[in-house]
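Subject: Handover of a structure

Dear colleague,

Please find the structure below, handed over for your own work. My findings follow it.

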Amino acid sequence: MPKKVYAISRKTLRMILEGSKSVDSPSDPKEFFAVLRAEEGVITELLFVPTVFGNVHAIPKLHMLPIDFSVVGTVHSHPSGVYRPSDADRNLFSHFGRVHIIVGRPYLETTWAAFDHNGNPRPLDVVT
């Protein structure tokens with residue numbers, strides 16, 4: 001049985017924030033998307049899958065992921081700056097993984113939140 005996910009490494013969080021900034025621009029905002037991988041209850045890696053990106057959506061091809069029991073959920077950005085799950089986000093969360101992160105513009109260590117598979121806020125510590 002996989003361990004409960006309780007934290008994300010600061011390095012991984014910063015990678016998410018930088019990735020989100022890199023695909024977003026005021027003239028052409030795009031969402032960032034990746035899959036989260038955890039070791040010993042800490043999110044430490046990002047996996048990238050083929051994804052269709054847009055300014056109000058990111059449609060991942062999750063069926064292309066290999067079987068990997070260290071995968072625990074997803075992360076994506078909201079260029080709007082609102083980092084609450086949409087109905088489409090809640091649908092994805094309910095079908096894939098147990099921890100999901102949404103980051104919002106301006107992509108700081110204070111502009112993100114974690115959610116469970118139902119889209120409810122959940123705690124997630126940041127560790128070094």
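In this predicted model, helix H2 has Asp87, Ala88 and His95 exposed on one side. On the other side from these, the helix, which runs over residues 87–95, has Asp89, Leu92 and Phe93 as its buried residues. Viewed down the axis of H2, those buried residues fall within an arc of 100°, so they line one face of the helix. Their packing partners are E2, E6, E7 and E8. After H2 comes Gly97, which has a positive phi, near 80°.

Helix H1 (residues 10–23) can be described in a similar manner. Its buried residues are Thr12, Leu13, Ile16, Leu17, Gly19 and Ser20. Because they cover an arc of only 160° around the axis, they lie on the same side of H1. The exposed residues Lys11 and Ser22 are carried by the face turned away from that buried side. The length of H1 was also checked: at 1.5 Å a residue, its 14 residues should span 20 Å, and the end C-alpha atoms are 20 Å apart, which agrees.

Turning to the interior, the largest nonpolar core has 20 residues, of which Ile43, Ile101 and Leu124 touch the most other members. At least two residues of this core come from each of H1, strand E2 (33–39), E3, strand E6 (71–78), strand E7 (99–104) and strand E8 (112–115). Leaving aside residues up to four places away in sequence, the contacts of Ile43 include Ile101 and Leu124, and also Val5, Ile8, Thr12, Leu36, Val72 and Val99. Apart from this core lies another one, of 10 residues, with Phe33, Leu47, Ala58 and Leu62 among them. As a general point, nonpolar side chains in soluble globular proteins tend to be buried together.

Leu47, one of the residues of that other core, is found in strand E3 (residues 42–47). With a relative accessible area of 17%, Leu47 is buried, because the cut-off for that term is under 20%. Residues up to four places away in sequence again being left out, Leu47 touches Ala34, Val35, Arg37, Leu65, Asp68 and Val71. Arg37 is also among the residues that Ile43 touches. Finally, Leu47 and Arg90 are separated by 43 residues in sequence, and their C-alpha atoms are 20 Å apart in space.

With kind regards

Notes:
Residues numbered from 1 in each chain as written. Predicted model: local features only at pLDDT ≥ 70, side-chain atom pairs only at ≥ 80, totals over all residues. Heavy atoms only, no water. Helix = DSSP H or I, 4+ residues; strand = E, 2+ residues; numbered from the N terminus. Buried < 20%, exposed > 50% of the residue type's maximum accessible area, 1.4 Å probe, protein only. Contact = heavy atoms within 4.5 Å. Expected span 1.5 Å × (residues − 1). Arc of directions from axis to C-beta. Core = buried A, V, L, I, M, F, W, Y, C linked by side-chain atoms within 4.5 Å.
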